[in-house]
Amino acid sequence: LLASHEATAQYEFKLLDSIPKEVRWVETDAMQHLYLVEDEHNLSKYDSRGKLLYQFNINDLGSITAINVQNPFYILVYYKSNLGLAVRVCLVIIRFR
């Protein structure tokens, strides 16, 4: 005996804001921060409202190949160097208000 049930849920999405940029990829963390890898060297961090919080750029290390934003207080930026080695840079951003 086989039975199937198809549940259809209706979701409504509303655009709250936009950041008009061309990016290589996007990541989000648990605090709803948005990370945009804009090109090979630029990483930007935005808050949940779309306000730019921080820009990070180091041209000397090569191209950004990956980022890890699992811990919003300890961002890992990975680079592939010209020697073929992966370089890991810890980007710690702490702001007191």
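How many bridges join strand 3 to strand 4, and which way do the two strands run? A few notes on that and its surroundings follow.

1. To take that one straight away: five bridges join strand 3 to strand 4 (residues 52-57), and the two run antiparallel. Strands here are DSSP runs (E, at least two residues), just as helices are H or I runs of at least four residues, numbered from the N terminus; two strands pair if DSSP finds at least two bridges between them.

2. Before going on, a word on provenance. This is a predicted model, where local features need pLDDT of at least 70, side-chain atom pairs count only at pLDDT 80 or more, and totals for chains, interfaces and linings use all residues. Residues are numbered from 1 along each chain as its sequence is written, and side-chain values use heavy atoms, with hydrogens and water left out.

3. Back to the strand 3/strand 4 pair: asparagine 42 has asparagine 57 of strand 4 as its bridge partner. The two strands form a hairpin with five residues between them, and glycine 50 in that turn has a positive phi of about 95°.

4. Strand 3 has a partner on the other side of the sequence too. Four bridges join it to strand 2 (residues 34-37), again antiparallel, and a hairpin links the two through four residues. Within this pairing, valine 37 is matched with leucine 43 of strand 3.

5. Why call strand 3 (residues 42-46) largely enclosed by the rest of the structure? Because four of its five residues are buried, where buried means under 20% relative accessible area, exposed over 50%, and partly exposed in between (1.4 Å probe, protein chains only).

6. The loop between strand 1 (25-28) and strand 2 is worth a look, and glutamine 32 sits in it. Phi of glutamine 32 is near 65°, positive in a residue other than glycine. For context, most residues other than glycine have a negative phi. Glutamine 32 is exposed, at 56% relative accessible area.

7. Histidine 33 belongs to that loop between strand 1 and strand 2 as well, but counts as buried at 13% relative accessibility. Leaving out residues up to four places away in sequence, histidine 33 touches Glu27, Thr28, Lys45, Tyr46, Asp47 and Leu53 (contact means heavy atoms within 4.5 Å).

8. Finally, the largest nonpolar core has ten residues, including Tyr35, Val37, Leu43 and Phe56. Strand 2, strand 5 (63-68) and strand 6 (75-80) each supply at least two of them, with strand 6 giving the most, three residues. Such a core is a set of buried Ala, Val, Leu, Ile, Met, Phe, Trp, Tyr and Cys residues joined through side-chain atoms within 4.5 Å.
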